[in-house]
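Let's take a walk through this structure together, from its overall build down to a few single residues. Please keep the sequence and the 3D view at hand.

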Amino acid sequence: MTRLACAALSVLVAVLATGCSAAQTRSTAQPTSACRQPPEAVLPRTAGTLTEADSGVFCLPVGSRLAVFLTPPPADTTSAGRWSTVLSSSPPVLADAGTGVLTAPVGVTPGIFQGASAGRARLTSGTLDGGTWQVTVVVS
């Protein structure tokens with residue numbers, strides 16, 4: 001099992017243990033030509049999940065949530081490779097929904113964001129050793 005799969009499974013178990021429903025919300029909105037649907041959701045009540053391997057432009061319906069899990073490279077045993085807090089360039093469009101009772105595995109930087117209003121926002125993070133991660137989210 002990959003490190004991401006283990007991390008996602010650990011997070012899912014933690015969420016389910018708190019009594020959350022395992023029902024997954026899927027967007028029925030049609031994507032625009034400028035964006036694509038995020039990869040499959042690993043958390044309940046989210047429209048998709050992004051990782052450090054994802055880039056580009058993603059679609060998110062207003063009111064839907066998007067999970068982010070950034071994992072440092074397996075060989076990095078220092079804090080230099082860990083990702084900083086994931087930030088939205090436009091909280092009125094893509095708001096930090098907080099991780100609540102979610103406890104991510106050691107080294108994984110989580111983020112949960114909600115499409116608050118129509119528009120575009122960038123999600124960004126970085127590492128002390130110079131790594132950068134960025135995606136654009138089109139909320140409609």
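The protein chain holds one helix and eight strands, and from the N terminus on they run α-β-β-β-β-β-β-β-β. Here helices (H or I, at least four residues) and strands (E, at least two) are DSSP runs, numbered from the N terminus. This is a predicted model, in which local features need pLDDT of at least 70 and side-chain atom pairs count only at pLDDT 80 or more, while totals for chains, interfaces and linings use all residues. Residues are numbered from 1 along each chain as its sequence is written, and side-chain values use heavy atoms, with hydrogens and water left out.

Now to the sheet. Four strands form an open sheet in the order 2-8-7-4, with mixed pairing. Strand 2 and strand 4 stand at the edges with a single partner strand each, so one side of each has no neighbour in the sheet. Strands count as paired if DSSP finds at least two bridges between them; strand 2 and strand 8 pair in the parallel sense over five bridges. One residue to look up is C59, whose bridge partner in strand 8 is V138.

What about the interior? Of the 140 residues of the protein chain, 39% count as buried, meaning under 20% relative accessible area (exposed is over 50%, partly exposed in between; 1.4 Å probe, protein chains only). A nonpolar core is a set of buried Ala, Val, Leu, Ile, Met, Phe, Trp, Tyr and Cys residues joined through side-chain atoms within 4.5 Å. The largest one has 18 residues, and V68, L94, L123, W133 and V137 have the most contacts inside it. These elements give two or more residues to this core:

| Element | Residues |
|---|---|
| Strand 2 | 56-60 |
| Strand 3 | 65-70 |
| Strand 7 | 119-126 |
| Strand 8 | 132-139 |

The largest share of this core, four residues, comes from strand 8. Apart from this core lies another, of six residues, among them L43, A67, V108 and I112.

W133 deserves a closer look. Leaving aside residues up to four places away in sequence, W133 touches several others, including L50, T51, V68, W83 and L123, where contact means heavy atoms within 4.5 Å.

Finally, turn to T71, which sits in the loop between strand 3 (65-70) and strand 4 (87-88). Is T71 buried or exposed? T71 counts as buried because its relative accessibility is 6%. T71 and T51 are 20 residues apart in sequence and 7.5 Å apart in space, C-alpha to C-alpha.
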